[in-house]
Amino acid sequence: MLQTDISTQKATLFSDARTLLKRLISTPSFSREEANTAAEIEAFFRNKQIPFQRLKHNIWASNRHFDAAKPTILLNSHHDTVKPNKSWTLDPFEPLERDEKLFGLGSNDAGGCLVSLLATFAYFYDRPDMKYNIVMAATAEEEISGRDGLELLLPELPPINFAVVGEPTEMQLAIAEKGLLVLDCTARGISGHAARDEGDNAIYKAIQDINWLTTYQFPKVSPTLGPIKLSVTIINAGTQHNVVPDTCTFTVDVRVTEQYTLEEVIETIQANVQAEVKPRSIRLKPSSIPDDHPIVLAGLALGRHTYGSPTTSDQAVLNCPSLKCGPGHSGRSHSADEFIYLREIDEGINGYISMLEQVV
């Protein structure tokens, strides 16, 4: 393809990506309520004359010359959003261009990544000479780690050799990501009258456990992700001022590294606290990709750097090497008056294309 043709194609993709992102912002898509944004993504594929499939609110497509004998790359990002917080001063569902920024709910997390990946997929869709297949999946329920998003879709996809997951990283290369454990803990005591020396206060038992949780350090530290992080984030106890509480519940947020399995972390905590410990899930595992993987080397060749991400994404449900990378800044995610710079969308498309050109 001539350079002028490539430039024209990219210019069209830049414009189409911005237009789609505005339509996505205009369409509420809270987790489990993504039907209408799924329809917008379907319309994008139809406009590009790309066949697609849908499972619930998940949309996916494969390159025109898909060959089952070749390895497959997954491009993935999500189209659900959190609900806007009360600090918004703008209409979260009105895409607003101002000061070279595009404001709107989901613009940064992860709309900019999603439309950039969709444009990248469209760029490679007709290529007959690739060493890899490419599958694009726009998925649901990422913000709640739901089971009807990427996890539901994976059995329908071909075996994946590696994945690029679109999340706002300023196009830097998150080569590892912490897994997540949420533990619901219950400390038990005996109720009694607060005026007399009776009962066994469950709050005091919980405090002992919380003190251990806030001081304990798992011995093995990840070279990329650092130590496991334990945070007590919710605590509830008591019914009235004059009753010694017989139960105290608290929730622990645990960010896990590849140095331990989730089961090992649970076992260690259970062995050291008095409270009953119940994990909500053991699905959200740490993820990583070797720092000498071709897609990582391609990013490094563009001047990007690698790092370990403390936040969780749909990488957690993948069973293949995966790279988290995308336009936008993680610090803007879930914030009031969320925005993405318009140039970041173009840079995202260019970055994804340049990286994949070196691999496929």
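What is the volume of the largest pocket? I began my notebook with this question, and, since I am working from a predicted model, I treat each value below as computed from that model.

**Entry 1: the largest pocket.** I looked up the volume and found that the largest pocket comes to about 520 Å³. Its lining is made up of 24 residues, and those lying nearest the centre are Glu-167, Thr-311, Thr-312, Ser-330 and His-334. When I sorted the lining of the largest pocket by class, I counted twelve polar residues, seven charged ones and five nonpolar ones.

**Entry 2: the second largest pocket.** I then turned to the second largest pocket, for which I noted a volume of about 230 Å³. Twelve residues line this pocket, and Gln-9, Ala-122, Tyr-123, Tyr-125 and Asp-126 are the closest to its centre. Which helix gives the most to this lining? I found that α1 does, with four residues, while α1 and α3 each supply at least two. By class, I recorded seven nonpolar, two polar and three charged residues in the lining of the second largest pocket.

**Entry 3: the enclosed cavities.** How many cavities of 30 Å³ or more does a search of the whole structure find? I noted four of them, and the largest has a volume of about 90 Å³. Of the 15 residues lining the largest cavity, Leu-24, His-79, Thr-81, Gly-106 and Gly-111 are the closest to its centre. The elements that give two or more residues to this lining are α1, which spans residues 3–25, and α3, which spans residues 107–124. The largest share, four residues, comes from α3. I sorted the lining of the largest cavity as well, and wrote down six nonpolar, seven polar and two charged residues.

For the second largest cavity I noted a volume of about 60 Å³. Its lining is formed by Glu-141, Glu-142, Ser-145, Gly-146, Leu-150, Glu-151, Arg-283, Leu-284, Ser-313, Asp-314 and Val-317. In this lining I counted five charged residues, along with three nonpolar and three polar ones.

**Entry 4: strand β8 and its partners.** Is strand β8 largely enclosed or largely open? I checked residues 173–177 and found that five of the five are buried, so the strand is largely enclosed by the rest of the structure. I next looked for the strands that pair with β8, and the first I wrote down was β16, at residues 306–309, which pairs with β8 in the parallel sense over four bridges. The other was β15, at residues 287–288, which runs antiparallel to β8 and is joined to it by two bridges. Glu-177 appears in both pairings, for its bridge partner in β16 is Ser-309, and in β15 it stands opposite Ser-287.

**Entry 5: two neighbours in helix α8.** I looked up Ile-345 and Asp-346 together, as Ile-345 is found in helix α8 and Asp-346 lies in α8 too, a helix that covers residues 342–357. Why does Ile-345 count as buried? Its relative accessibility is 0%, and the cut-off for buried is under 20%. Leaving aside neighbours within four places in sequence, I found Ile-345 in contact with Ala-17, Arg-18, Leu-21, Val-115, Ser-116 and Ile-340. I also noted that Ile-345 and Gly-326 are 19 residues apart in sequence, with 9.1 Å between their C-alpha atoms.

Asp-346 is buried as well, with a relative accessible area of 16%. With neighbours within four places in sequence again left aside, Asp-346 is in contact with Phe-14 and Arg-18. Which side chain makes a polar contact with the side chain of Asp-346? I found that of Arg-18, at 2.8 Å. Arg-18 thus appears among the contacts of Ile-345 and among those of Asp-346.

**Entry 6: a residue in helix α5.** My last look-up was Asn-211, which lies in helix α5, at residues 202–215. Asn-211 counts as partly exposed, because its relative accessibility is 44%. Between Asn-211 and Val-265 I noted a separation of 54 residues in sequence, and of 17 Å in space from C-alpha to C-alpha.

Terms used: Residues are numbered from 1 along each chain as its sequence is written. This is a predicted model: local features need pLDDT of at least 70, side-chain atom pairs count only at pLDDT 80 or more; totals for chains, interfaces and linings use all residues. Side-chain values use heavy atoms; hydrogens and water are left out. Buried means under 20% relative accessible area, exposed over 50%, partly exposed in between (1.4 Å probe, protein chains only). Two strands pair if DSSP finds at least two bridges between them. A polar contact is a pair of N or O atoms within 3.5 Å; within protein, one must be able to donate a hydrogen and the other to accept it, and residues adjacent in sequence count only if both atoms are side-chain atoms. Contact means heavy atoms within 4.5 Å. On a 1 Å grid over the protein atoms alone, a cavity is a set of points where a 1.4 Å probe fits but cannot get out, and a pocket is an open set with protein on both sides within 12 Å along at least five of seven lines; lining residues have an atom within 4 Å of a point. Grid points are joined across faces, edges and corners, and a volume is the space filled by probe spheres set on the points. Ala, Val, Leu, Ile, Met, Phe, Trp, Tyr, Cys and Pro count as nonpolar, Asp, Glu, Lys and Arg as charged, and the others, Gly among them, as polar.
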